[in-house]
Amino acid sequence: MEKRYNKELQERTRAYIEAGTSQAELSRRLGMNNSSSLSRWLNSSYNGDVEKIEKALEEYFRAQEAAEEIAEKAAPYRPAVDYVPTSISEDVFQSIRYCQLHRCVTVLHGDAGVGKTKGAEKFLRENPSSTVYISMTPSTASLNGVCRALAKALKIGGKHNRMDMMEEVRTRLAGTNKVVIVDEAQHLKLPAIEELRSLSDPDIVTGTPGNGVCLIGNSEVYDRIRGKAQAEFAQIFTRVKMPRQYRSSRITKEDVRSLFPAVSDEKELAVLLGVARSVYSIRTAQDIYMKAVELNDTSCEGLRRVAKALQVNPAL
């Protein structure tokens with residue numbers, strides 16, 4: 001029996017690919033092992049389950065349409081630029097610059113969602129050739145994981161063991177003004193922190209200065225270095241210069257005005273400021289506001305209803 005193909009869906013898929021998404025990338029998004037199946041389906045010569053591919057494509061396009069509708073609806077309520085300077089994100093930016101110029105270890109720590117990563121991202125965008133940025137997860141924060149992440153960031157290939165990788169990392173960094181930024185640093189294991197710390201040390205033979213190393217994360221990373229295992233972390237702690245702690249309580253009203261430019265009502269602003277200054281921080285305030293936009297009610301009461309639905313204290 002001759003297979004039937006959804007011609008309209010084929011044309012839509014071709015147009016989507018021509019707009020800038022490769023067959024390989026679309027195949028990956030659909031969960032296919034390779035792009036040849038999609039190519040054969042587009043040519044009406046696929047030997048497998050045509051219905052399965054078409055259902056996956058229809059589901060994908062439905063999700064895309066829904067996301068585009070939400071983005072279009074939210075656009076007038078978002079800041080006009082990707083990066084909005086706040087008191088905390090700008091302080092993070094300047095602290096990274098200090099770390100770079102003084103070639104020291106700096107720990108920028110504090111509450112989640114206050115703008116630490118935003119400041120680091122701005123620094124990376126403005127200084128791409130002098131910044132080595134890596135971000136840790138529980139599965140990558142071992143010594144091996146850090147070595148591999150640094151090697152990847154510096155485009156070091158062909159090194160298969162940790163010693164060779166780190167030797168090449170030091171060679172690439174030596175004599176440069178690069179700063180190494182490690183985000184989500186609270187996940188780092190002790191040997192990984194020690195290895196990173198050593199990058200700030202000068203070469204005792206040649207006298208070549210080391211490089212700045214900036215650890216960014218919640219306060220666990222600094223608490224560990226400072227007190228909980230002081231004997232183990234003594235080498236690191238004595239090299240930390242200008243540690244900075246960031247609390248959501250430091251978020252200013254002007255920060256919130258900048259982050260929510262479409263909000264002019266003082267009561268609505270007060271709700272968002274209360275959330276931003278609490279343990280829920282800026283990130284949750286943004287989530288609450290955009291959900292209220294989706295529900296067509298950004299009034300004070302609308303914001304409070306969304307906050308309550310998200311189990312955020314609506315009295316803030």
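## A tour from the Arg103 loop to Ala185

Begin by selecting Arg103, which in this predicted model sits in the loop that joins helix 5 (87–102) to strand 1 (105–110). Its backbone deserves a look, since phi of Arg103 is near 50°, a positive value in a residue other than glycine. Most residues other than glycine have a negative phi. With a relative accessible area of 27%, Arg103 is partly exposed, because the buried class ends at 20% and the exposed class begins over 50%.

Select Gln311 next, in the segment that comes after helix 15 (300–309). Here too a residue other than glycine has a positive phi, in this case near 60°. Gln311 has a relative accessibility of 68% and therefore counts as exposed.

Now go to helix 2 (residues 23–30), and colour its buried residues, which are Leu26, Ser27 and Leu30. On which side of helix 2 do they lie? They cover an arc of only 105° around the axis, and so they are placed on the same side of helix 2. The general background is that an α-helix has 3.6 residues a turn, so residues three or four places apart point the same way. To see what these buried residues pack against, display helix 1, helix 3 (36–42) and helix 4 alongside helix 2. Just after helix 2 comes Gly31, whose phi is positive, near 85°.

Keep helix 1 (residues 7–18) and helix 4 (residues 50–74) on screen, and look at how they pack: the angle is about 55° and the axes are 11 Å apart. The two helices are therefore oblique to each other, and their crossing is left-handed. To show the contact, select Leu9, Arg12, Thr13 and Tyr16 on helix 1, together with Glu54, Leu57, Glu58, Tyr60, Phe61, Gln64 and Glu65 on helix 4. Colouring this contact by class gives five nonpolar, two polar and four charged residues.

Finish at Ala185, in the loop between strand 3 (179–183) and helix 9 (190–198). Is Ala185 buried or exposed? Its relative accessibility is 0%, so Ala185 counts as buried. If neighbours within four places in sequence are left aside, the residues in contact with Ala185 are Leu215, Ile216, Gly217 and Val221. For one of these, Val221, a distance can be drawn in the viewer: the C-alpha atoms of Ala185 and Val221 are separated by 6.4 Å, although the two residues are 36 residues apart along the chain.

Technical notes
Residues are numbered from 1 along each chain as its sequence is written. This is a predicted model: local features need pLDDT of at least 70, side-chain atom pairs count only at pLDDT 80 or more; totals for chains, interfaces and linings use all residues. Side-chain values use heavy atoms; hydrogens and water are left out. Axes are lines fitted to C-alpha atoms, for helices over the stretch in contact, and angles run from 0 to 180 degrees between N-to-C directions. Helices (H or I, at least four residues) and strands (E, at least two) are DSSP runs, numbered from the N terminus. Angles under 35 degrees count as roughly parallel, over 145 as roughly antiparallel, 65 to 115 as roughly perpendicular and the rest as oblique. A crossing is left-handed if the near helix is turned anticlockwise from the far one by less than a right angle, and right-handed if clockwise. Contact means heavy atoms within 4.5 Å. Ala, Val, Leu, Ile, Met, Phe, Trp, Tyr, Cys and Pro count as nonpolar, Asp, Glu, Lys and Arg as charged, and the others, Gly among them, as polar. Buried means under 20% relative accessible area, exposed over 50%, partly exposed in between (1.4 Å probe, protein chains only). The arc is that of the directions from the helix axis to the C-beta atoms.
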